[in-house]
Amino acid sequence: MSAKEVTIGLDIGTTAVKAVAADADGQVVARTRIPHQLRVPGPDRFEHDADQAWRQGPLTALQQLGRPDAAALAVTAMVPSLTAVDVEGRPQTLGLLYGDVRGRAAAGPDSRFLSGEAMEFLRWTAGQLPDAHGYWPAAAVANHALAGEPVIDTATASTMYPLFDGAEWNEKACVEGGVTSDRLPRVAATGREVGRVLGTGTVLGTAAVDAMCEQIVGGADRDGDVLVLCGTTLIVWLTIPEYREVPGLWTLPHTMPGKYQIGGPSNAGGLFLNWVDRVVAPGETDADPRRVPVWTPYLRGERVPLHDPDRRGMLHGLDLTHDGASVRRAAFEASAFTVRRLIEMAGAPTRRIVATGGGTHVASWMQAIADATGLPVEVSAVAEGAALGAAFHARMAAGLESSITDAARWAGTDRVVEPDAAWVEPTQERYGRFLGLAK
């Protein structure tokens, strides 16, 4: 196979930049991970050193991959995010991330998918540095560092509503946010060539937002499939055949024509589980299925379905017989209970769970999801799903693919995790208590 058919996907995540180089069949031929610090200076603050995470991280990842012969590269990232940059594209303010209090409007939290969070990010950032050269999200910072092109795709731009109206930057909204539209990045369609990586002939393409990149290579395309993204944020999408609305959930078009996805993001993901891992000692023995307390995992509030940024966590039913193993299992169950809750709220038949993301390496998390939902969990063969999806978008930009639906051929399964009969019944009882606590 020609080396020119290898493409690269970079994913700027909450705790690391993940990068993969993949061949035409979606086989990963090189991968790397560049960690960066997630700053949480207060319970309602969520930020990055934008220069470290959004500019230096992607540059280092590309260097470590060692594939200057790649045909194309595309960058995806978490949304929304924003920083102010100078004329050289270097961040001059901290990088604001989704869920940060500075994205909250005066009217309070909003349960809509397009809540105006980016508008408030812009208002705050422009207030901090009104004379900045530009105001860019993470992907634009990375694309400029890689190819001198401060550009984002239309899907990323759309998450910045009302600043972007679906076709172009809304000048009136931008001025309301404190800037003119020329200081926001260029917008191009997803999967298009927008430049060349500096020092190489590699095409720079545009990729979609991280969750969409995960979806196109996840393989959760049939009715009743549930895609569970096990990253810093837990994201649950149930594939359905027709549009429907459920209070508290989000409904969006699926990447497969004629289908939709219902669900949304939750804070009961890796951010919560990693915190538990840091503060709870490992158990000396395995947990007893009938001796596990119940967490509500809202250390920084909850997104879907509660839309309550001020809610906080709780450990219920703790007693002297519990040890580290039981408390850790309770944490994995809390995440799994959130998956089940979103599935049940969607009110549509389910057939299986497809799990992707870095959390799929954690066997206890995958087992808890299977036990709590009673569904088989098919673990994706490539944990870096967002980076892999970006690599497919890069193929489109290079003219190697013509349809985004063809990315489904890249989906693969590493293993299937079945519910454990010894855990299903007691887990069911705890799920009832979780629902009572998490109203």
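Helices and strands are DSSP runs, of at least four residues for a helix and at least two for a strand, numbered from the N terminus.

**Figure 1. The whole chain of the predicted model.** By that definition, the chain holds 11 helices and 21 strands. Its radius of gyration is 21 Å, close to the 22 Å that the globule rule gives for 439 residues, so the chain is as compact as a globular protein of that length. Along the principal axes, the C-alpha atoms fill a box of roughly 60 × 55 × 45 Å. Of the 439 residues, 57% count as buried. Many contacts link distant parts of the sequence: among those between residues at least 6 apart, 69% join residues at least 24 apart.

**Figure 2. The surface and charges of the chain.** About 17,000 Å² of the chain is exposed, and carbon and sulfur atoms supply 50% of this area. The chain carries 40 positive and 52 negative charges. The mean position of the positive charges and that of the negative charges are 2 Å apart.

**Figure 3. Helix α3, residues 138-147.** All 10 of the 10 residues of this helix are buried, so α3 is largely enclosed by the rest of the structure. Among the buried residues are A138, A139 and A140 at one end, and A145, L146 and A147 at the other. V141, A142, N143 and H144 are buried as well. Just after α3 comes G148, which takes a positive phi of about 70 degrees.

**Figure 4. Strands β19 and β20, a parallel pair.** Strand β19 covers residues 352-356, and strand β20 covers residues 377-380. The two strands run parallel and are joined by 3 bridges. One pairing to look for is A355 with its bridge partner V379 in β20. V377 and V379 point one way from β20, while E378 and S380 point the other way. These four residues are all buried, whichever way they point.

**Figure 5. H307 and its surroundings in a loop.** H307 lies in the loop between β17 (294-296) and β18 (314-316). Its relative accessibility is 16%, so H307 counts as buried; the cut-off for buried is under 20%. Leaving out residues up to four places away in sequence, H307 touches P109, D110, S111, G248, W250 and E302. For one of these, G248, the separation in sequence is 59 residues, yet the C-alpha atoms of H307 and G248 are 7.4 Å apart in space.

Key:
Residues are numbered from 1 along each chain as its sequence is written. This is a predicted model: local features need pLDDT of at least 70, side-chain atom pairs count only at pLDDT 80 or more; totals for chains, interfaces and linings use all residues. Side-chain values use heavy atoms; hydrogens and water are left out. The radius of gyration is taken over C-alpha atoms; the globule rule is 2.2 Å times the number of residues to the power 0.38. Buried means under 20% relative accessible area, exposed over 50%, partly exposed in between (1.4 Å probe, protein chains only). Contact means heavy atoms within 4.5 Å. Accessible areas come from the Shrake-Rupley method with a 1.4 Å probe; for residues, only the protein chains shown count as cover. Lys and Arg count as positive and Asp and Glu as negative; His and the chain ends are not counted. The place of a charge is taken as NZ of Lys, CZ of Arg, CG of Asp or CD of Glu. Two strands pair if DSSP finds at least two bridges between them.
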